[in-house]
Amino acid sequence: MVNKILKAPEGPPSDVERIKDESDYLRGTLGETMLDRISSGISEDDNRLMKFHGSYLQDDRDLRNERQKQKLEPAYQFMLRVRTPGGVSTPEQWLVMDELAQKYGNGTLKLTTRQAFQMHGILKWNMKKTIQAIHASLLDTIAACGDVNRNVMCNPNPYQSEIHSEVFEWSKKLSDYLLPRTRAYHELWLDEEKVISTPEVDEEIEPMYGRLYLPRKFKIGIAVPASNDIDVFSQDLGFIAVVEDNKLVGFNVAIGGGMGMTHGDKATYPQLAKVIGFCTPDQILDVAEKVITIQRDYGNRSVRKNARFKYTVDRLGLDTVKEELESRLGWSLEEAKPYHFDHNGDRYGWVKGVQGKWHFTLFVQGGRIADFEDCKLMTGLREIAKIHTGDFRLTANQNLMIANVSSQKKKKINELIEQYGLTDGKHYSALRRSSLACVALPTCGLAMAEAERYLPNLLGKIEEIVDENGLRDEEITIRMTGCPNGCARPALGEIAFIGKAPGKYNMYLGAAFDGSRLSKMYRENIGEEEILSELRVLIGRYAKERQDGEHFGDFVIRIGVIKAVTDGTNFHD
């Protein structure tokens with residue numbers, strides 16, 4: 001058997017493994033901690049467990065120094081992430097999220113790059129009420145974070161509504177099937193009576209994950225060609241839908257992707273998933289489960305920064321992992337079928353789908369739902385949700401689709417779009433419409449630099465260069481993160497900036513427009529002046545020297561500005 005020669009890396013388990021082991025299946029001391037009114041924070045052990053329940057403890061870093069001077073504890077607050085498979089929510093659920101953001105959050109919602117809702121600014125004593133209200137709307141926060149499978153993504157895809165419907169159902173089935181089985185979430189937040197676990201029934205509690213869950217987070221996405229808007233190759237496990245004669249016949253299976261790395265550590269790197277075969281739709285749950293158990297058994301539980309599935313695949317070898325997968329399945333994957341991607345962005349504005357239904361994709365800068373001076377986005381969407389009879393779809397590019405609009409409702413919804421200044425972004429440059437930014441400061445504890453708050457200003461200055469060169473309508477993917485964890489998938493941006501220090505970024509170039517090639521570092525630790533200086537030259541050359549239909553990422557490689565990354569393992573070369 002293949003698995004006799006496989007083994008996990010040696011070394012003492014990381015501290016997080018101890019926390020999980022002692023947690024009694026993700027309970028820990030959270031029940032008592034959340035009742036403690038002395039501090040608005042929680043212990044580090046409990047914060048690690050909170051992730052499995054969909055939340056992180058954060059503090060407002062803008063206030064950190066001032067509160068320290070006043071000898072006050074940090075302005076602790078919780079970020080809460082809601083699991084929305086495929087990014088789909090009903091108008092009723094949208095209204096609940098809106099109300100909770102006003103009542104318990106900071107008055108805004110964040111649409112994440114994994115098609116989930118995030119709320120920021122929730123105080124400890126409001127967490128239980130917030131989670132209960134989310135649960136009552138038939139959404140939840142289970143496994144939205146933590147060392148388990150996260151929110152399962154899929155294309156919003158207005159062009160193939162029937163296929164989208166089918167693919168969405170599979171994303172939902174996957175998301176539900178791969179949930180942790182522990183009742184800790186229900187006991188802690190929904191007041192379910194606790195059942196005492198014993199070692200004898202441990203396997204029944206978590207038959208797939210086991211007592212220690214996974215070594216790190218695990219991400220799954222389903223793409224429907226020709227759109228790769230979910231960046232399927234960035235996923236630990238990607239499924240590429242194969243459509244023949246307008247019918248879903250199955251999925252190509254890709255394994256071993258992931259975006260995160262650590263500055264200065266060449267043993268960490270972003271990686272793209274690789275296609276290993278094809279499965280039919282009814283095999284997709286089995287494939288996902290068995291892939292997860294391989295990572296459970298052979299992932300690195302000693303060094304967390306090398307614990308993602310991509311490192312397991314690279315360490316063991318793609319062929320070995322495929323053999324092990326087929327051994328566990330008891331059957332072999334078929335040969336991968338042909339597919340083609342041509343973009344990884346959203347298509348904005350009104351699009352007519354099947355059955356006479358309409359879809360409107362809004363541009364949402366940085367995924368932030370709030371009321372702005374020139375656009376009452378939050379209010380406008382609230383009013384639309386009150387009359388909308390279709391659904392809302394969060395896109396992987398932090399935008400929002402008002403989907404399945406009936407012809408009768410289209411006129412009224414369009415009036416509300418215009419009344420509140422909502423936009424498909426057509427008055428913006430294509431560059432801005434192709435931008436992504438993570439939250440970063442002030443709430444993310446990992447951020448080394450700004451992203452969401454800064455990128456719009458930087459884009460304004462880059463747009464001047466773009467306009468001077470007649471490229472306002474040229475789509476170039478541009479992404480910014482405050483740290484190298486990669487939440488906005490910067491390694492797949494044709495132009496990307498990863499925060500290094502306040503006001504300083506590493507600049508990357510050369511990713512493929514369709515998400516099939518990683519970028520490479522072009523300049524290290526530079527500020528705005530140098531960024532604009534470099535882009536003035538590069539964009540100027542692109543305008544003059546590009547070939548017909550040539551994307552920016554391909555252009556900078558062809559003219560020798562940057563080398564192509566052929567695999568994540570040579571990302572730093």
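In the chain, 70% of the contacts between residues at least 6 apart in sequence join residues at least 24 apart. This value, like those that follow, was computed from a predicted model. The chain contains 18 helices and 22 strands. Its radius of gyration is 23 Å, close to the 25 Å that the globule rule gives for 573 residues, so the chain is as compact as a globular protein of that length. The C-alpha trace extends over about 70 × 55 × 55 Å along its principal axes.

Burial and surface composition were examined next. Of the 573 residues, 61% count as buried. The chain exposes about 22700 Å², and carbon and sulfur atoms contribute 49% of this area. With regard to charge, the chain carries 76 positive and 83 negative charges, and the mean positions of the two sets lie 2 Å apart.

The interior includes a largest nonpolar core of 97 residues, within which F239, L381 and I402 touch the most other members. Helix 10 (residues 284-298) supplies the largest share of this core, with 7 residues. A second core, separate from the largest one, comprises 39 residues, among them A437, A440, Y454 and I465.

Two buried polar residues were considered individually. S14 is located in the segment before helix 1 (15-21). Its relative accessibility is 11%, below the 20% limit for burial, and S14 is therefore classed as buried. When residues up to four places away in sequence are set aside, the contacts of S14 are with R301, S302 and R304. Q115 occupies the loop between strand 4 (109-111) and strand 5 (117-122). This residue is buried, with a relative accessible area of 0%. Beyond residues up to four places away in sequence, Q115 touches T84, G86 and G87, as well as N151, M153, C154 and P156. The contact list of Q115 also includes I230, together with L394, T395 and A396. Between Q115 and A143, which are 28 residues apart in sequence, the C-alpha to C-alpha separation is 14 Å.

Backbone geometry was then inspected for cis peptide bonds. One such bond joins P225 and A226, with omega of about 15°. A226 falls in the loop between strand 7 (220-223) and strand 8 (237-244). A cis peptide bond also joins L441 and P442, where omega is about 10°. P442 is part of the loop that runs between strand 18 (435-437) and helix 16 (455-468).

Positive phi values in residues other than glycine were noted as well. For Y25, phi is near 55°. Y25 is placed in the loop between helix 1 and helix 2 (30-33), and with a relative accessible area of 1% this residue is buried. For D245, phi is near 50°. D245 lies in the loop between strand 8 and strand 9 (247-255). The relative accessibility of D245 is 76%, which exceeds the 50% limit, and the residue thus counts as exposed. Of these two loop residues, Y25 is buried, whereas D245 is exposed.

Methods
Residues numbered from 1 in each chain as written. Predicted model: local features only at pLDDT ≥ 70, side-chain atom pairs only at ≥ 80, totals over all residues. Heavy atoms only, no water. Helix = DSSP H or I, 4+ residues; strand = E, 2+ residues; numbered from the N terminus. Rg over C-alpha atoms; globule rule 2.2 N^0.38 Å. Buried < 20%, exposed > 50% of the residue type's maximum accessible area, 1.4 Å probe, protein only. Contact = heavy atoms within 4.5 Å. Areas by Shrake-Rupley, 256 points an atom, 1.4 Å probe, with all protein chains shown as cover. Lys, Arg positive; Asp, Glu negative; His and termini not counted. Charge placed at Lys NZ, Arg CZ, Asp CG, Glu CD. Core = buried A, V, L, I, M, F, W, Y, C linked by side-chain atoms within 4.5 Å.
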